[in-house]
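Student: Could you take a close look at one part of this chain with me? I'd like to go through it slowly.

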Amino acid sequence: NCSLNTTTNHLRHVESMAVLPSGAGKIPRLNAVILGEALASEEDDLVFPSDDFARQALLPSAQKYLEMYKRSVEDPAGFWSDIASQFLWKSKWGDTVCSENFDIRNGNVYVQWFKGGITNICYNCLDRNVDSGNGDKIAFHWEGNERGFHDSLTYTQLLSQVCQVANYLRDIGVKKGDAVVIYLPMLMELPIAMLACARIGAVHSVVFAGFSADSLAQRIMDCKPKVVLTCNAVKRGSKVIHLKDIVDAALSESFEDACLTYENRSAMMRETTKWQDGRDIWWQDVVPTYSTICEVEWVDAEDPLFLLYTSGSTGKPKGVLHTTGGYMVYTATTFKYAFDYKPSDIYWCTADCGWITGHSYVTYGPLLNGATVVIYEGAPNYPDPGRCWDIVDKFKVTIFYTAPTLVRSLMRDGDAYVTRYSRKSLRVLGSVGEPINPSAWRWFFNVVGDSRCPISDTWWQTETGGFMIAPLPGAWPQKPGSATFPFFGVQPVIVDEKGVEIEGECSGYLCVKSSWPGTFRTLYGDHERYETTYFKPFPGYYFSGDGCSRDKDGYYWLTGRVDDVINVSGHRIGTAEVESALVSHPQCAEAAVVGVEHEVKGQGIYAFVTLVDGIPYSEELRRNLITTVRNQIGPFAAPDRIHWAPGLPKTRSGKIMRRILRKIASRQLDELGDTSTLADPGVVDQLIALADC
Ligand code: PRX
């Protein structure tokens, strides 16, 4: 059973803040929030929710949070089964709500929530809302890349469309447990396809439509889908991207199954689309011929819902596997509380469904709450940097959730693009994907939100399924740049290099003690890698791969990845993936990639490249190397900088010293540290000499 920790450090800490009487320092300010009295932030840089906000908030006080948090860690089974009971279960789970082994020292790691409970997440997203009288409520507002192109679907209409796709999939032989690859842009057909899979118990594997043919092929080969769902092309900004050509290149000759292709007329007509008879089928030709009623496949809470590949520290992406019941309960609950969701809200998350944010917080979390969701097909700065606020005003968006990289890029374009729109519908803002620097936080808060909207800075990962550390707007003051406190049921711990838990104010590696319902269950086809990557580094805990500090008030501050993963514009990229793409170029002998600070993207990709003997450096080769990475992974992984390297700094045992490379990349040349253990310390001077070539 789940370990019951009666008092985590966090709980102790927040309790001490909340129960102490008014006095000096930070405590009276938190008490002031508990009492509903907003105070101006002082030296601690606290930003308080307004009185108006706190009064209407689902969680209006830190005390209320504390009560719920306490129960969630002391009685996780009771806490989560009360919430789970609000969903439709064909039959309830057994006596054991959660069973887990999170401690590798006690044998194989496993996690189960609501095992034996029979449900269907698509039913809970759609039929449950239609049956409860919300069939006419808008589920999706879709906005096309070009102004003036838009569409919407009510819950009833969405259900009908999902059923038609589900019936098609069933008809071509897709069964419970079969994999379906979806390679679609942000059309409504993308979440429709996901929900259709869930309805019949098929396991969807969405591949972000910015991935190259090679990456798509790799994912197709790994999970062997019965069918691939795609579209012919998409327009993003002023560019047309021919997705079907990419799919054609990815599908090997041996792939004889179906490729269902949506004709996206705003980007390309079917007449000009390349076609393989027998394999390719137009979506619009077949899907509408199917019934709008489709019986659901009732599945066990622990049956797989989806696979989503993410980057790790080796070249091979990891297929993160999420199951049905726990994920359903967790995404719905985190969405509701972290955004203070009310049925009258209009919610827009700018993420693509190709990433976990689009799974949990474009599709499942919001629909489980019966929310109205805005989906935008295009680029956020097209035709100009005011587009987001145009969309906000058009649909009267109340909750706007995005990534710091977009905030920083819009901030650079100036306030005028923001202030020319009203934005008065906005009430909650959200941030995800990377640490948000305090200056971007303040701009987002002051300019976009007119100093009125709390910002939910949500820390989580593909692996966690849902928010782990996030502000609950209204419940406590925020600190710009801090994700604040853990969500219900989450017990974060900070450990040192030896894996020893550190208490109080500290910095170290962020781990989590015991499971939460949205925990991923395995890496597809490689449970050993799951255990090695996440549970062996610090036995007893799940290791997130992130560095973190906790301040004197107990607030958590994420400091970025501590492994060989870099975060570029919120996209997670393994340095090894980029290196292996570079060395596949016949003239590249060796490559070492590091992350370097980037004003807009958060981190940029900086590649040190050693060429095959006798090959001269040239601008053309530099461009070819970048193209190689674009073709093998996708344009978002293209290196920002290629640094010619006659040699790489290696230890005598041949290990590349990345610490030195990071310093050279960020031009912190007086902080190179000890270079005496290098096999050839001379390479450092050579690299410095070539830094600006
Ligand atoms: O480094 C953390 C960063 O993004 C990583 C997870 O990436 P991915 O699995 O692609 O999921 C992104 C969307 C959840 C984390 O290990 N990260 C995510 N959110 C934050 C963050 N870093 C700091 N603050 C955040 N709010």
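Student: Over residues 65–125, how much of the chain is helix and how much is strand, and how far apart are the end C-alpha atoms?

Tutor: Sure, and keep in mind that this is a predicted model. Over residues 65–125 the chain comes out at 39% helix and 21% strand, with 26 Å between the end C-alpha atoms. The UniProt record, an unreviewed entry, labels that stretch "domain: Acetyl-coenzyme A synthetase N-terminal".

Now for the strands. β1 (89–91) is an edge strand, pairing on one side only, and β4 covers residues 118–119. Both belong to an open sheet of three strands, ordered β1-β4-β14, where the pairing is antiparallel. The other edge strand is β14 (299–300). Two bridges join β4 to β14, and if you want a spot to click on, Thr119 stands opposite Val299 in β14.

While you have the model open, try the ligand too. Its shell counts 23 residues, with Pro435, Gln461, Thr462, Leu558 and Arg572 the closest. Elements giving two or more residues to that shell are α14 (356–368), β21 (455–458), β26 (542–550) and β27 (556–561). Sorted by class, the shell holds eight nonpolar, 10 polar and five charged residues.

One last stop is a helix pair. The axes of α20 (residues 575–583) and α21 (residues 619–632) come within 8 Å and cross at roughly 120°. An angle of 65 to 115 degrees would count as roughly perpendicular and one over 145 as roughly antiparallel, so α20 and α21 are oblique to each other. The crossing of α20 past α21 is right-handed.

Technical notes. Residues are numbered from 1 along each chain as its sequence is written. This is a predicted model: local features need pLDDT of at least 70, side-chain atom pairs count only at pLDDT 80 or more; totals for chains, interfaces and linings use all residues. UniProt positions are given in the numbering used here, feature names are shortened, and annotations may be inferred rather than shown by experiment. Helices (H or I, at least four residues) and strands (E, at least two) are DSSP runs, numbered from the N terminus. A residue is near a molecule or strand if its C-beta atom, placed from the backbone, lies within 6 Å of it. Ala, Val, Leu, Ile, Met, Phe, Trp, Tyr, Cys and Pro count as nonpolar, Asp, Glu, Lys and Arg as charged, and the others, Gly among them, as polar. Two strands pair if DSSP finds at least two bridges between them. Axes are lines fitted to C-alpha atoms, for helices over the stretch in contact, and angles run from 0 to 180 degrees between N-to-C directions. Angles under 35 degrees count as roughly parallel, over 145 as roughly antiparallel, 65 to 115 as roughly perpendicular and the rest as oblique. A crossing is left-handed if the near helix is turned anticlockwise from the far one by less than a right angle, and right-handed if clockwise.
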